[in-house]
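User: I am new to this structure and would like a close look at one part of it. Please take the helix packing, and add whatever bears on it.

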Amino acid sequence: MKLVRFLETNNVLYTHQYCFRRKHSTIYTIMHLLKYISDANDKPSNEITLGLFLDLSKVFHSINHKTLLAKLNFYGIRGTPNDWFNSYLSYRYQYTEFNQIQSLILKVICGVPHGSIFGPILFLVYINDIIYCTDLFLLSFADDTTLYMSHTDPAVIYNTMNWLY
């Protein structure tokens with residue numbers, strides 16, 4: 001897919017996002033985190049590590065179309081390609097039917113189509129700048145995100161992690 005090739009060639013996607021990408025499977029996420037913990041523990045100061053494991057819920061449903069299109073534009077998907085994605089995301093409708101009773105037909109104003117080839121990569125573009133929201137180390141596997149840090153003083157870790165909340 002041209003979009004994936006463009007993003008990979010231009011190193012747009014966050015290095016430690018380990019999903020929906022070639023050579024970025026789950027095992028790499030686990031290996032990266034275990035190496036970080038092992039390295040911290042092996043330091044002469046014998047640091048301890050605390051991880052905060054987050055599961056972002058319903059992220060594919062909550063992607064704001066205007067924000068996504070702006071991010072695509074920022075990363076270099078401009079002009080006709082951006083217009084194409086706008087068209088792809090717009091003019092979608094949904095309704096529910098149960099026991100032969102139908103709900104109103106409503107316009108879909110956010111989210112990406114499920115089961116689509118573009119949904120996962122558009123999600124990665126959408127969440128790509130999450131790394132700039134924290135000074136902690138961050139690993140992601142799709143919508144599962146891990147924030148972690150090491151320090152010799154448990155109070156520093158406690159205060160840092162609780163400040164996030």
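Analyst: What follows describes two helix pairs, then the cysteines and two loop residues.

This is a predicted model, in which local features need pLDDT of at least 70 and side-chain atom pairs count only at pLDDT 80 or more, while totals for chains, interfaces and linings use all residues. Residues are numbered from 1 along each chain as its sequence is written, and side-chain values use heavy atoms, with hydrogens and water left out.

Helices (H or I, at least four residues) and strands (E, at least two) are DSSP runs, numbered from the N terminus. Two packed helices are described by the angle between their axes and the distance between the axes. Axes here are lines fitted to C-alpha atoms, for helices over the stretch in contact, and angles run from 0 to 180 degrees between N-to-C directions.

Take α1 and α5 to begin with. Helix α1 covers residues 2–9 and helix α5 covers residues 118–127; their axes lie 10 Å apart, at an angle of about 30 degrees. That makes α1 roughly parallel to α5 (angles under 35 degrees count as roughly parallel, over 145 as roughly antiparallel, 65 to 115 as roughly perpendicular and the rest as oblique). Their crossing is left-handed, meaning that the near helix is turned anticlockwise from the far one by less than a right angle; clockwise would be right-handed. On the α1 side, the contact (heavy atoms within 4.5 Å) is made by Leu 3, Val 4 and Leu 7, and on the α5 side by Phe 118, Ile 121, Leu 122 and Val 125. These residues divide into 7 nonpolar, no polar and no charged. Here Ala, Val, Leu, Ile, Met, Phe, Trp, Tyr, Cys and Pro count as nonpolar, Asp, Glu, Lys and Arg as charged, and the others, Gly among them, as polar.

Helix α5 is mostly covered, with 8 of its 10 residues buried (buried means under 20% relative accessible area, exposed over 50%, partly exposed in between, with a 1.4 Å probe and protein chains only). Among the buried residues are Gly 119, Phe 123, Leu 124 and Ile 127. What covers the buried residues of α5 includes α1, α3 and α4.

The helices α3 (residues 65–74) and α4 (residues 80–89) also pack: their axes come within 10 Å and cross at roughly 160 degrees. They are therefore roughly antiparallel to each other, and α3 passes α4 in a right-handed crossing. His 65, Leu 68, Leu 69, Leu 72 and Asn 73 of α3 meet Asn 82, Phe 85, Asn 86 and Leu 89 of α4. This contact divides into 5 nonpolar, 4 polar and no charged residues.

Asn 82 of α4 is buried, at a relative accessible area of 10%. Leaving aside residues up to four places away in sequence, Asn 82 touches Leu 69, Leu 72, Asn 73 and Ile 77.

The count of disulfides (pairs of cysteine sulfur atoms within 2.5 Å) comes to 0. Cys 110 is in no disulfide, and the nearest cysteine sulfur, that of Cys 133, is 19 Å away. Cys 110 is partly exposed at 32%, whereas Cys 133 is exposed at 65%.

Two loop residues remain. Most residues other than glycine have a negative phi. Asn 46 has a positive phi of about 50 degrees and is found in the loop between α2 (26–42) and β1 (48–55). Gln 100, with a positive phi of about 65 degrees, is in the loop between β3 (97–98) and β4 (101–102).
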